[in-house]
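Could you walk me through this structure, starting with how the chains meet and then going into a few local details? I'd like to follow along with the model open.

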Amino acid sequence: MAEVQRRKERLDRGIKVRAESIYAVSSWEEAAYLLAPRIILVLGLLLAPLLVQSPYWKRVVTVVCVYGLLGLSFDFLAHFVGLVSLGGALATGVGGYASALANKALGLPVFLSIPLASLAGGVVCTVLLLPCLPLRGVYFAIVTLMYPLVLSRLVEAFNILGGTDGIPGVQGFGGPWAESYIIISALLLCLFGLRRLVNEDLGLILRGVKDNDQAVKASGISVTRYKAIAVFIASTLGCLAGAYLAHLYMWAGLSLFALDFSILPIAATVIGGGGTLVGAVVGSMILVPLSELLREFGTLRIAFYALVLMGFIVVRSEGLMVWAQRKYHQFERWVQI
Amino acid sequence: MEIIVYGIVNSVSLALMALGFTLVYGISRLPNFAHGAFYILAGYLAWVGIRSLNMGYIVSVLLTILVVGILGMAMYRFFLIRVRGMPISEIIASYAMGLFILEALRWKGLKGMTFTLPVIYPGTIFLFDVPVDYQRLLVVAIGAGIVAGLWLFTKFTRLGLALRGIAQDEQAAMMLGIDSDAMATVATGLGSALAAVAAIVLLPLGNIVVEAGYQVLIFAVAVCIVGGLGSWAGAILASFIIGFAQILTVSYMQSHFQVVVALLAIILTLIAKPSGLFGRQKQLEERV
Amino acid sequence: MGRKSFLCFLALALFPGFSATLAPLANAQQAQPIVLGAPLATAFLYGWDAERGMRLAVEEINAAGGVNVAGQKRPFHLEVIDTRDLEPGVPVSDALLAVEKLILEKKADFIVGGPVRSEAALAAMDLLSKHKKISILTTGALTPKYHERVAEEYEKFKYCFRITGESKWMVKEIITCLMDIKERFKLDKMFIMVQDVAHARAGGDIIEKLATEKGWQVTGKEVYPTGTTDFSMGLLAARRTKAQVLLIWMDMPETSILLKQWYDMKVAALPFGSIIAAAEQPGFWKATEGKGEFCLANVVNAGNAPSQATPWTMKFYDAYTKRWGVEPEGYGTSSSYMAPYVLKDAIERAGTLDPEKVVEALEKTDLMGVYGRIKFDPKSHQVIPSLDPQEGAVGTIFQWQAGKRVVVFPPKIAMGQIQLPPWMK
């Protein structure tokens, strides 16, 4: 007579519980459970240039990593600090030009110009974005949206930094292996570095700023200062991507401020799963090859990214990696009430 | 003299572009980044009606305003409502929608000089020895008319008063039985319709190209930030300030500073008085 | 998310992998034809004009039997890739990626056409030198830096040729035409309006300097960023300073707005377009509702507007109009049509596809083409220009009169006279 009422219950998997903290080394299964996904990712990225035959697709692999870096920067800012950056192109542009200048005007070799450009570019971007840091999120989005457009106008107008011709003759990497592995190792370092960072003290403060900035302020911590640090980290990553691109194509120009560099990381993060830094990388692994295949359709590919974004928002989807992580760590079952 | 005449025209143009955006933000705190997209979409639909389907000017224009208004309402009701209250997602969502519309139109070929809208009344008159065409005069007239109309609407009609109520204090308005979501839908529809009117009046002065969509968005945002997000008087004052600043830079310096003026205005406002000239949103500041 | 969404994701994720494996299969069957790779901004006038010119030439050549490579007849195969390099927001790296794709994946034997934008063309030179691929630039890229770079580092860049005009020569033609106007109508005040891109700014500066030397008074100069939609202040300034000629150098389509505003304000100045993208197209008349009448436009190479430069000119003009249903439009059309023919001629003389031999053969080209005698300068690989079609490649300046494009310069091929707008008299 009684109606059977059921609800869905979600529990951590046994293996997850068993692999917590020190017990992870108690047996091979637990260690593998924790290490397997990470090893697959690292090995996959490291082996990718070897497995892919045509030089064209090798180039696509490096572009995936570049957009992966940009996506990391966006994800970090949006989901760990609460600042939505609609202008990733700002960082690519600043970093690319900085690196070209360092290489040509200062005569520094590639291995010095890229790190220098990333750090210097990070400082420049942070200074540019400083006025809107004490304010709430929407201002940051608006200002980052505008900066790439205006900066490219300025370069054109004042005819500085090579104007519309750009800065040609930037030093290359001297070999496809160097090209691929420099960016892959940079991506892996940044990915795992950021993951570590968000669990350190600095990361916790930043996450606190995202959740409730008034509480952080009430604890006597300067919110603006920490936001500035976060913006510096994120724009350094973006500038690294830009500097790398300048050396990859041996040329730095206005197109480093292109809309592509702003939109694709956003779409990649949403698809891959926001809040899990690896999601941005996975997202760009999906989107970049897709965009190459869609090259015939011209600008329709940006419409396509936008449509995918809209689809995800309508379905209120959490993203690939969030879903995957949930499935990996937890299981669901029906339970009678 | 030229500067005054063309300065006024430019300022009213900016105000027309920005009114829709500031309306939506003022009422439902929703930054509608698809504003520029609706502007260009309206231009395109009007073009289809007038040139392609030959439906006659008045019919096409009225139909366009109606369709774009309804699209705006639909965008809110079926799409943005799902991310209400999550600021990051709101921004990304409306930006994605705007991007989709603009890039799809660009793919369809909305560039170059082929797409133009006819002026409402052709001809030029000489005002104080400054040649001004009738279309520009109509821009000023229609702009003034719209502002007056909006003011009357929000002061004397039930719907307008309800919108003002939600803008002033959402909780209190809800307690009085005003449905916040319904008002937001109406506001978005109204904002989009205003974008459509702006398009129909301003696009005949140029071509219908997708770049104009991004430009309109930037100008609308600049005007709203300088004037204070959510304040209509502020938006109008800000559009005059920025409008005249632009004309002055074009006359006395090189014209590539035009867009820079908008950015500088934003940065200066954010540094000096973040809530804008007449802004009431003091909680947006959290200066430490 | 449910099972369905997971499957969708799986499909999305695996799709690139599938396509990557299929790609090499497609390339296996293209050993016979000679592949012409064309990196063009196909969504823009200076991209699609080139594509159509090239396709017409390739179709005609293949219909006539193809190219004779040391006794074996092989057809041309045209592979066009959209570089998107004329789009404002697109990185030049995209254009370079497209050129690389043409060379590495599509196995192009020769590159014709672009990249169209000067920065991309210059950047691509290094790429072409790296892969030792011969390239003939046929549209866009007016910068003199291109052929100067070839002359400077000949061994490195000898694979790069340009069969279309460049700005240094264009300026010479323009000054000659301006002097003509000065003589005939007794005008001497000029107002310069240029676009904010390198080639336009440089061109505007040079014209200002040369015109002033020859007795013109430059009453003002305005530089407009790409995408400007309002030229009223500049036009008012021109009117105020009583300028009689508006010197325009812009490659953006917004030039139609400029002409509309010029007409609305009844500015008493003759619009002279050194480069004026909108006015080069037949659709200009409709787009400006006739307000663009009396505008002069320079289409760089003859054949892009009707004239009798050589017997081939009108043959090409009519064939193009028949094939595509519209008259030749931008300034890259006739040059892109000539490029496959010039290549055919060089390959047949060299008897092989070997880049070194074809480079030598190209340097010896002497062909009576659509816009005059086609010869390349042996050091800079730039097509040799002239005011006489029997001597070299001629340019063309035309004026819009009563809905038609009437060629008015050079005098040897002119089909009509320059007229002033009625409110100027």
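Below we go through two interfaces, then a piece of sheet, then a single residue.

One thing to keep in mind throughout: this is a predicted model. Let's start with chains A and B. Their contact draws in 47 residues from chain A and 44 residues from chain B. Put together, the two chains bury about 4,300 Å², and carbon and sulfur atoms account for 80% of that. If you want to pick out individual side chains, try Tyr139(A), Met146(A) and Ile313(A): this trio supplies 14% of the area that chain A buries against chain B, more than any other three residues.

What about salt bridges here? The rule finds 0 across the interface of chain A and chain B. The count of residue pairs in polar contact, taking both residues at pLDDT 80 or more, is also 0 between these chains. On the chain A side, the elements that each supply at least two residues are helix 3 (55-81), helix 6 (137-158), helix 9 (213-218), helix 10 (223-248), helix 11 (260-272) and helix 13 (300-314). Helix 6 of chain A has the largest share of the side that touches chain B, with 14 residues. Sort that side by class and you get 35 nonpolar, 5 polar and 7 charged residues.

Now turn to the other interface, between chains C and B. Here 29 residues of chain C are in contact with 27 residues of chain B. The buried area comes to about 2,400 Å², with carbon and sulfur atoms giving 53% of it. Once again the rule finds 0 salt bridges, this time across the interface of chain C and chain B. For residue pairs in polar contact, with both at pLDDT 80 or more, the number across this interface is 0 too. Strand 9 (217-224), helix 9 (232-240), helix 10 (255-265) and helix 12 (284-287) of chain C are the elements giving two or more residues to the side that touches chain B. Helix 10 of chain C gives the most, at 6 residues. By class, this side of chain C holds 13 nonpolar, 6 polar and 10 charged residues.

Staying in chain C, have a look at strand 15 (residues 397-401). How many of its residues are buried? The count is 5 of 5. Ile397(C), Gln399(C) and Gln401(C) point one way from the strand, while Phe398(C) and Trp400(C) point the other way, and all are buried.

Strand 15 of chain C pairs with strand 12 (residues 296-298) in the antiparallel sense over 3 bridges. In that pairing, Phe398(C) is the bridge partner of Ala297(C). Strand 15 also pairs with strand 16 (residues 404-409) of chain C, antiparallel as well, over 5 bridges. There, Gln399(C) stands opposite Val406(C). Strands 15 and 16 of chain C form a hairpin with 2 residues between them, and Ala402(C) in the turn has a positive phi of about 50°.

Last stop: back to chain A and Ser235(A), which sits in helix 10 of that chain. Is Ser235(A) buried or exposed? Its relative accessible area is 8%, so Ser235(A) counts as buried, the cut-off being under 20%. Setting aside neighbours within four places in sequence, Ser235(A) is in contact with Ala91(A), Gly122(A), Cys125(A) and Thr126(A).

Notes. Residues numbered from 1 in each chain as written. Chains lettered and ligands numbered in written order. Predicted model: local features only at pLDDT ≥ 70, side-chain atom pairs only at ≥ 80, totals over all residues. Heavy atoms only, no water. Contact = heavy atoms within 4.5 Å. Buried area = accessible area lost by both parts, 1.4 Å probe. Salt bridge = Lys/Arg side-chain N within 4 Å of Asp/Glu carboxyl O. Polar contact = N/O pair within 3.5 Å; in protein donor to acceptor, adjacent residues only side chain to side chain. Helix = DSSP H or I, 4+ residues; strand = E, 2+ residues; numbered from the N terminus. Nonpolar A, V, L, I, M, F, W, Y, C, P; charged D, E, K, R; others polar. Buried < 20%, exposed > 50% of the residue type's maximum accessible area, 1.4 Å probe, protein only. Pairing = 2+ DSSP bridges.
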